[in-house]
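Hi,

Here is the structure I promised to pass on. Have a look at it first, and my notes on what turned up are underneath.

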Amino acid sequence: MPLYKSYKIAHDTKLLVWKITESLEELSEGTVLKNVCEQRLMGMKSEQHRKGFMSVRKLLAEAGYSDLDLFYTEDGKPHLTDGKNISITHSYSFSAIIISNRSIGIDMEIRREKVIRIADKFVEKEFGYLDQDNTEDYVRRLIVIWGVKEALYKMFSRQGLSFKQNIDVDSFKMEDLKGTATVHFEEINSNLPFYFEEIEDFTLVYSIDNN
Ligand SMILES: CC(C)(COP(=O)(O)OP(=O)(O)OC[C@H]1O[C@@H](n2cnc3c(N)ncnc32)[C@H](O)[C@@H]1OP(=O)(O)O)[C@@H](O)C(=O)NCCC(=O)NCCS
């Protein structure tokens with residue numbers, strides 16, 4: 001299936017999601033890559049990673065851009081040549097991008113119980129409100145928290161920004177599909193909204209800085 005969904009979250013912010021069911025050849029059709037991206041693609045070991053990368057180029061085309069409009073800074077953060085902000089995620093059979101005039105970050109993670117084993121790597125204050133006895137609910141919430149921290153990391157892209165120490169996700173209700181989180185690091189002290197939705201076995205999370 002090609003474009004899974006595309007919608008305006010705000011007048012200046014667009015979110016696009018791709019469900020990857022195509023072959024790499026199909027995903028590559030009609031896509032021109034810059035040399036540097038062509039080389040990156042060739043260096044990718046897994047077919048899945050290559051597909052994720054190429055599906056993002058399809059999403060760019062849907063949004064009216066091409067690979068030629070995209071460049072990366074040394075930290076790996078993507079940027080658009082027209083000055084708009086972009087954030088990118090790919091996870092197994094899905095990829096998503098968000099484009100905005102505001103600072104944004106996006107992440108998509110697969111919901112798997114395995115996340116419980118690594119929770120102590122990215123959860124700190126949140127343990128105060130998480131109920132570990134209800135496994136299904138615990139996994140769903142952990143994935144949201146992980147996604148929020150990845151999305152906010154991408155928004156700020158600051159070396160040394162720790163998921164555990166510098167990003168706190170406030171208590172949230174799954175049914176609200178949104179919440180707030182605080183980033184406190186060096187001169188940054190921001191409380192930011194986040195939004196999430198569960199798509200099949202994945203959780204999509206994004207944050208937009210409204211300030
Ligand atoms: C770089 C990082 C944000 C990527 O996230 P991920 O969940 O592994 O992978 P995703 O598919 O969601 O995102 C990958 C995309 O993020 C973007 N990205 C990479 N580095 C970035 C950065 N510094 N800032 C913003 N975006 C970045 C890229 O667009 C990349 O895709 P592309 O290179 O194909 O265009 C993540 O691996 C990372 O380094 N996190 C911080 C480290 C950390 O504290 N981890 C603790 C985990 S418990």
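Asp137 and Arg141 form a salt bridge, with 3.0 Å between the closest N and O atoms. Bear in mind that this is a predicted model. Both residues sit in helix H5, 4 residues apart, which is about one turn of the helix. Arg141 counts as buried because its relative accessibility is 14%, and the cut-off for buried is under 20%.

A second salt bridge joins the side chains of Glu186 and Arg158, at 2.8 Å from N to O. This one links distant parts of the chain: Glu186 is in the loop between E9 and E10, Arg158 is in the loop between H5 and helix H6 (163-166), and the two positions lie 28 residues apart in numbering. Glu186 is exposed, at 63% relative accessibility, whereas Arg158 is partly exposed at 22%.

Then there is Arg57 with Asp67, where the closest N and O atoms of the salt bridge are 2.9 Å apart. Arg57 belongs to helix H3 and Asp67 to the loop between H3 and strand E3 (70-72), 10 residues apart. Both Arg57 and Asp67 are buried. There's also a network of salt bridges linking Arg111, Arg140 and Glu198. The count for the model comes to 14 salt bridges.

Which charged residue is buried yet has no salt bridge? That would be Glu109, for which the nearest side chain of opposite charge, Lys154, is 6.7 Å away. Glu109 is in strand E7, and its contacts further along the sequence include Ile143, Trp146, Glu150 and Phe202.

On to the sheet that E7 is part of. It is open, has 5 strands in the order E7-E11-E10-E9-E8, and pairs antiparallel. Strands E7 (104-110) and E8 (167-169) are the edges, each pairing on one side only. Neighbouring strands are turned by 25 degrees against each other on average, ignoring direction. E8 pairs with strand E9 (residues 178-185) over 3 bridges, and Ile167 stands opposite Val183 in E9. Helix H5 (residues 135-156) packs on this sheet, touching E7, E8, E9, E10 and E11, and its direction makes about 145 degrees with that of E7.

One last residue: Gly52, in helix H3 (residues 47-62). Gly52 has a relative accessible area of 2%, so it is buried. Among the residues it touches beyond its sequence neighbours are Ile20, His90 and Ser95. The C-alpha atoms of Gly52 and Ala96 are 9.4 Å apart, with the two residues 44 apart along the chain.

Cheers

Terms used:
Residues are numbered from 1 along each chain as its sequence is written. This is a predicted model: local features need pLDDT of at least 70, side-chain atom pairs count only at pLDDT 80 or more; totals for chains, interfaces and linings use all residues. Side-chain values use heavy atoms; hydrogens and water are left out. Two strands pair if DSSP finds at least two bridges between them. Axes are lines fitted to C-alpha atoms, for helices over the stretch in contact, and angles run from 0 to 180 degrees between N-to-C directions. Contact means heavy atoms within 4.5 Å. Buried means under 20% relative accessible area, exposed over 50%, partly exposed in between (1.4 Å probe, protein chains only). Lys and Arg count as positive and Asp and Glu as negative; His and the chain ends are not counted. A salt bridge is a side-chain nitrogen of Lys or Arg within 4 Å of a carboxyl oxygen of Asp or Glu. Lists of a residue's contacts leave out its neighbours within four places in sequence.
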